[in-house]
Amino acid sequence: MFELNAPIIPGKSAAGVSLGQSIKPILPANLPTSVEQLSKSEKFSFGSVELWVEDGRVIQIGVRAGYEGTLHSTIGIGSTIAEVQSAIGEVIEDDEDNLVVPNEDGWCFETEVWQNGEKVEDNLSSRISAILVYPAAHES
């Protein structure tokens, strides 16, 4: 079973699952609600946990509503953009429309639908709806 209160570690793990881990031992204990075939990978959905798998190994982990673990012991599902900025650093949108903290590689997040236009600074009260963990581009 997934650990729904495990810490979220950028570039490493969430839900008790590590990047690079084989999907095989995960599936017998966790029945996916859906499996989506993507161009180079598969996306397994398990309610509040999603796993992207390529060649039998986890390449990305996503957590959503119902997940209680946190990033840096403070940021989790339901936190606001303002709280991320206060705890970790400036939030920007990258080239792929992901919300990221530039000095923090290996994770990004999504929020509820923005009500105040398309600028991050106009939507600081928007709440996190998903946190995604993926391999860091370069280890520090």
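In this predicted model, strand β6, spanning residues 57–63, pairs with strand β10 in the antiparallel sense, and three bridges join the two. One point of contact can be named: Gly62 has Leu132 of β10 as its bridge partner. Strand β10 also pairs with strand β9, which covers residues 104–111; this pairing is likewise antiparallel and runs over five bridges. Here Phe109 stands opposite Ile131 of β10.

The surroundings of β10 can be considered next. The strand comprises residues 128–133, and five of its six residues are buried; it is therefore largely enclosed by the rest of the structure. The cut-off behind this reasoning is a relative accessible area under 20%.

Strand β9 leads on to the aromatic residues. Phe109, the residue that faces Ile131 across the β9–β10 pairing, forms an aromatic pair with Trp107. A pair of aromatic rings is described by the distance of the centres and the angle of the planes. How are the rings of Trp107 and Phe109 arranged? Their centres are 5.7 Å apart, the angle between their planes is 20°, and the pair is stacked. Trp107 and Phe109 are both buried.

In total, the model contains three aromatic pairs. Another of them joins Phe44 and Phe46: with 6.4 Å between the ring centres and planes at 10°, this pair is stacked, because planes under 30 degrees apart count as such. The centre distance also satisfies the pairing rule, as the limit is 6.5 Å. Phe44 and Phe46 are each buried. Ring pairs further connect these two residues with Phe2, so that Phe2, Phe44 and Phe46 make up a cluster.

The remaining topic is the largest pocket, to which strand β9 again contributes. This pocket holds about 200 Å³ of space. It is lined by 14 residues, of which Asp94, Asn98, Val100, Cys108 and Tyr134 are the closest to its centre. Which elements give two or more residues to the lining? They are β8, residues 99–101, and β9. Strand β9 supplies the largest share, with five residues. Sorted by class, the lining of this pocket consists of seven nonpolar, three polar and four charged residues.

Strand β9 thus links the parts of this account: it pairs with β10 over five bridges, and it gives five residues to the lining of the largest pocket.

Terms used. Residues are numbered from 1 along each chain as its sequence is written. This is a predicted model: local features need pLDDT of at least 70, side-chain atom pairs count only at pLDDT 80 or more; totals for chains, interfaces and linings use all residues. Side-chain values use heavy atoms; hydrogens and water are left out. Rings of Phe, Tyr and Trp (its six-membered ring) pair if their centres lie within 6.5 Å; planes under 30 degrees apart count as stacked, over 60 as edge-to-face and the rest as tilted. Buried means under 20% relative accessible area, exposed over 50%, partly exposed in between (1.4 Å probe, protein chains only). Helices (H or I, at least four residues) and strands (E, at least two) are DSSP runs, numbered from the N terminus. Two strands pair if DSSP finds at least two bridges between them. On a 1 Å grid over the protein atoms alone, a cavity is a set of points where a 1.4 Å probe fits but cannot get out, and a pocket is an open set with protein on both sides within 12 Å along at least five of seven lines; lining residues have an atom within 4 Å of a point. Grid points are joined across faces, edges and corners, and a volume is the space filled by probe spheres set on the points. Ala, Val, Leu, Ile, Met, Phe, Trp, Tyr, Cys and Pro count as nonpolar, Asp, Glu, Lys and Arg as charged, and the others, Gly among them, as polar.
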